[in-house]
Amino acid sequence: MSFSASSGSVGWVIPVGTPARSDQGWTRGMPPPSSRRAGVSIVPVARRVSSFLGVRGSLKAVGNGSGLRPLPVTGGVRCTSASATAVNPVQRSPQPSGDKVQQEPTEEADPAEATVAAFLRNGKPVGTAAAETVELAGLAALVSAEPTGASTSRGAAVSNGGIQTRAVHGGERVKGGMKARATLDAIATPIVQTSTFTFRSTRECIEYNQGTYDSFEYGRYGNPTARSVEEKLMALEGAEDALVSASGMNAVTTMLLALVPENGHIVVTTDCYRRTRQFVGTVLPKMGVRTTVIDPADTAGLEAIFATQGASLFFSETPTNPLIRVLDTGAVTSLCRQYGVVSVIDTTFATAYNFRALDYGADLVLHSGTKYLAGHNDVLAGALVGSSALIAPVRRLHGVLGGVLDPHAAFLLLRGLKTLSLRMEAHNRNALALANALEDHPKIAKVHHPSLPSHVDHVIAMKQFPRGFGGVLSFELAGDGDAWSRETFEATGRFVDALRLPYIGPSMGGTESLVEQVCIMGYFDQPLRERQRLGICNGLVRFSCGIEDTDDLVADVLQALEAA
């Protein structure tokens, strides 16, 4: 980005490498005093500079050709009033105007005492300013700019006001300048903890509603910190758009309500999160929506359903919860495209590190960000990633229903994502080692992990998940040989209680290992016939491996089996 001024056929370009000189009343990106011409003003033109602050615009100098008016500086903070007095924030000897900086004689100076400044040529840095530096300088000026010296008048209104007025507005009413620039330069994305975003004029408000001024309006419709998470997820998944929400279930329910029409038909797979099954079985029927349930591997059955009944949407996890089934995603999404069905794949257990469903033709990918994405058992979050055309109606309904992600939770999710690959590698390694250790153990009846040749989906799983399957595996204790007996139920409880490292609790995906006896934790109120239909036997254990040392985790499980 550059700044230019012109008058008739005469024009000039402001040097992008102009150093900051707050003591002379001019700043980076502005011409030095010797090259100023009077009567030139700064106006914004439509061009996105930064998505974080939501400000659309760059800076362009225009005028009658007689000069450029700088932004004066007061107290080290850029302001817009031409009448403001320039004050040097750092006390120093007066310097002559122009580019040259007066230097002290150095003939008798000890070279060993010289600072790095002695290596500069003519006191100037070598090389041109980075393009980002120029853009951010322009943005900081734009953010601080208010029409007709409003910033100065508002500052005066605060400073001349009563003590309560100063307590409310002091240090905050005048925006931009150094504070805006520091926000842009902070290495950690700031937590924008606000419910409301304001406008500096009615014109900005109108332009926002016309779609020509990029910003935010109200926290239920979006937040800069949350948008940073969305953009990171877009980069990880290779997606057009993303939407974060207050929980994984909020992402599921809002997506289904937005994309499934009244009297629609959806297809889901047998093994899925219980609360998702509960929603499609009890809430969607009130809208006249029918649900068909199929086995994750039954692609022939899926095509028959599409051909004879049609469908609005297909939804499945891969891997599934809690039996770790793996979908042939490419085959399923191909059928969905053929029959005009929206495909939504929940890859919470995998994450983009292990599997990107969009690469296999899925329209949307869903995550419970509470799990691996955040990764520390301290956040509730959900995410929907994929086609911008499909996310748009979900985002509109999301703004109505209000399941927004709190900015601080968004910050924690953003931080967790930075170490996703490092953590997933450890999760993968631990689950694989534990699955191998249990496969032939005499007290284990069955291990559910796609890496094992005994797994029903092993072949397709190994093709689609070359890195691993995440940290979750399930296994069934043998007990007395009857998966549904009291003895097997009690033996499984003894095993869980004998574990020393994992915590007993729901959820998964955090740094700490978690374990649960599934029939107690998630299906305590379900009748036996329902659990038998779903395969939730008395001895089923879901083990979510954390990132502890592999040998320690395996040794703990093996010693606990002695108590079973």
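**Exercise 1. Describe how helix H9 (residues 299–309) and helix H10 (residues 329–338) pack in this predicted model.**

*Solution.* Start with the geometry: the axes of H9 and H10 lie 10 Å apart, and the angle between them is about 10 degrees. Angles under 35 degrees count as roughly parallel, and H9 and H10 are therefore roughly parallel to each other.

Next, list the residues that meet. From H9 come Thr299, Leu302, Glu303 and Phe306, and from H10 come Ala331, Val332, Leu335, Cys336 and Gln338. Finally, sort these residues by type: six are nonpolar, two are polar and one is charged.

**Exercise 2. Work out the strand order of the seven-stranded open sheet, and explain which strands stand at its edges.**

*Solution.* Reading across the sheet, the order is S7-S13-S12-S11-S10-S8-S9, and the pairing is mixed. Now look at the two ends. Strand S7 (241–245) and strand S9 (290–294) each have a single partner strand, so one side of each is left without a neighbour in the sheet. To complete the picture, add the twist, which averages 20 degrees from one strand to the next.

**Exercise 3. Take strand S8 (residues 265–269) and trace its pairing with S9.**

*Solution.* First, the direction: S8 and S9 are parallel, with five bridges between them. Second, the register. His265 is opposite Arg290 in S9, while Ile266 has Thr291 as its bridge partner. Third, the connection: the chain leaves S8, passes through helix H8 (residues 274–282) and arrives at S9, making a right-handed β-α-β crossover.

**Exercise 4. Are the residues of S8 buried or exposed, and which way do they point?**

*Solution.* Count first: five of the five residues in S8 are buried, where buried means under 20% relative accessible area. Then split the strand by direction. His265, Val267 and Thr269 point one way, Ile266 and Val268 point the other way, and all are buried.

**Exercise 5. Continue from S8 through strand S10 (313–317) and strand S11 (342–346) to strand S12 (364–368), giving the bridges at each step.**

*Solution.* Go one pair at a time:

- S8 and S10 run parallel and are joined by three bridges; here Val268 stands opposite Phe315 in S10.
- S10 and S11 run parallel with five bridges; Phe314 faces Ser343 in S11 across this pair. The chain travels from S10 through H10 to S11 in a right-handed β-α-β crossover.
- S11 and S12 pair in the parallel sense over three bridges, and Ile345 is opposite Val365 in S12.

Notice that H10, the helix from the first exercise, is the one in the S10 to S11 crossover.

**Exercise 6. Which residues of S11 lie on each of its faces, and are they buried or exposed?**

*Solution.* One side carries Val342, Val344 and Asp346, and the other carries Ser343 and Ile345. Both faces are covered, with all of these residues buried. That agrees with the strand count, in which five of five residues of S11 are buried.

**Exercise 7. Which strands does helix H7 (residues 248–259) lie across, and how is H7 oriented relative to S12?**

*Solution.* H7 lies across S7, S10, S11, S12 and strand S13 (382–386). Its direction makes an angle of about 150 degrees with S12.

**Exercise 8. Place these pieces in the whole chain: how many helices and strands does the chain have, and what percentage of its residues is buried?**

*Solution.* The chain has 19 helices and 18 strands. Of its 564 residues, 46% are buried. As a last step, consider contacts with a separation of 6 or more: residues 24 or more positions apart account for 70% of them.

Definitions and conventions
Residues are numbered from 1 along each chain as its sequence is written. This is a predicted model: local features need pLDDT of at least 70, side-chain atom pairs count only at pLDDT 80 or more; totals for chains, interfaces and linings use all residues. Side-chain values use heavy atoms; hydrogens and water are left out. Two strands pair if DSSP finds at least two bridges between them. Helices (H or I, at least four residues) and strands (E, at least two) are DSSP runs, numbered from the N terminus. Axes are lines fitted to C-alpha atoms, for helices over the stretch in contact, and angles run from 0 to 180 degrees between N-to-C directions. Contact means heavy atoms within 4.5 Å. Angles under 35 degrees count as roughly parallel, over 145 as roughly antiparallel, 65 to 115 as roughly perpendicular and the rest as oblique. Ala, Val, Leu, Ile, Met, Phe, Trp, Tyr, Cys and Pro count as nonpolar, Asp, Glu, Lys and Arg as charged, and the others, Gly among them, as polar. Buried means under 20% relative accessible area, exposed over 50%, partly exposed in between (1.4 Å probe, protein chains only). A crossover is right-handed if, with the strands pointing away from the viewer, the path from the first strand over the helix to the second runs clockwise.
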